[in-house]
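Could you walk me through this structure in my viewer, one selection at a time? I am new to it and would like to know what to click on and what I will find there.

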Amino acid sequence: MKKAETDEGNNGNKWLPPDPGMIKLNSDAACFGGSEVGMGVVGKDENGTVVMVASKRCQARWVPEIAEARGMVVGWEVAGRIGFTRGG
């Protein structure tokens, strides 16, 4: 699946691709009943092609912003395990 650079998300923001050879991670999270959190992350390359996905559900009492940030950490960990390294 590819997403053009000009495609807009639900909030009207445009997706901007990462530099060639890099991936861009986007995370989201949901809090269930005040004691459970679900996190998800998608990694896309410069063409908008999905190159990795990850999700995790855990017992936690986090506000949504913390849950989304923790989802990004999950994405970094999975990206590292499948061979992506930190760019710079």
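Here is a short tour, moving from the whole chain to single residues.

**Before you start.** This is a predicted model, in which local features need pLDDT of at least 70, side-chain atom pairs count only at pLDDT 80 or more, and totals for chains, interfaces and linings use all residues. Residues are numbered from 1 along each chain as its sequence is written, and side-chain values use heavy atoms, with hydrogens and water left out.

**Stop 1: the whole chain.** Colour by pLDDT, the predictor's confidence in each residue, from 0 to 100. The mean for the protein chain is 85, and 85% of its residues reach 70 or more. Now select residues 1–6, where the pLDDT is below 50. This stretch still has 16 contacts in the model beyond near neighbours in sequence, a contact being heavy atoms within 4.5 Å. Where pLDDT is low, the predicted coordinates should not be read in detail.

Switch to a cartoon view next. You will find one helix and three strands, in the order β-β-β-α from the N terminus. Helices (H or I, at least four residues) and strands (E, at least two) are DSSP runs, numbered from the N terminus. Of the 88 residues in the protein chain, 26% are buried. Here buried means under 20% relative accessible area, exposed over 50%, and partly exposed in between (1.4 Å probe, protein chains only).

**Stop 2: the helix.** Select residues 64–81, which form helix α1. Its 18 residues should span 26 Å at 1.5 Å a residue, and the end C-alpha atoms are indeed 26 Å apart; the expected span is 1.5 Å times one less than the number of residues.

Which residues of α1 are buried? They are Ala 67, Gly 71, Met 72, Val 74, Gly 75, Val 78 and Ala 79. Looking down the axis of α1, you will see these buried residues fall within an arc of 160°, so they line one face of the helix. The arc is that of the directions from the helix axis to the C-beta atoms. Show β1 (24–32), β2 and β3 as well, since they are part of what covers the buried residues of α1. Then turn to the other side of α1, where Glu 65 and Trp 76 are exposed. Just after α1, click on Gly 83, which takes a positive phi of about 110°.

**Stop 3: a salt bridge.** Select Arg 57 and Glu 36, whose closest N and O atoms are 3.0 Å apart in a salt bridge. The rule asks for a side-chain nitrogen of Lys or Arg within 4 Å of a carboxyl oxygen of Asp or Glu, and the count comes to one. Arg 57 lies in strand β3 (residues 50–59) and Glu 36 in strand β2 (residues 36–44), so the pair ties together parts that are 21 residues apart in sequence. Arg 57 is exposed at 52% relative accessible area, while Glu 36 is partly exposed at 24%. Leaving out residues up to four places away in sequence, Arg 57 also touches Phe 32, Val 37 and Gly 38.

**Stop 4: a loop residue.** Where is Asp 45? Look in the loop between β2 and β3. With 16% relative accessibility, Asp 45 counts as buried. Beyond its neighbours within four places in sequence, Asp 45 is in contact with Trp 15, Pro 18, Met 22, Ile 23 and Val 51. To finish, display the backbone nitrogen of Asn 47, which the side chain of Asp 45 reaches at 2.9 Å.

How values were computed:
A polar contact is a pair of N or O atoms within 3.5 Å; within protein, one must be able to donate a hydrogen and the other to accept it, and residues adjacent in sequence count only if both atoms are side-chain atoms.
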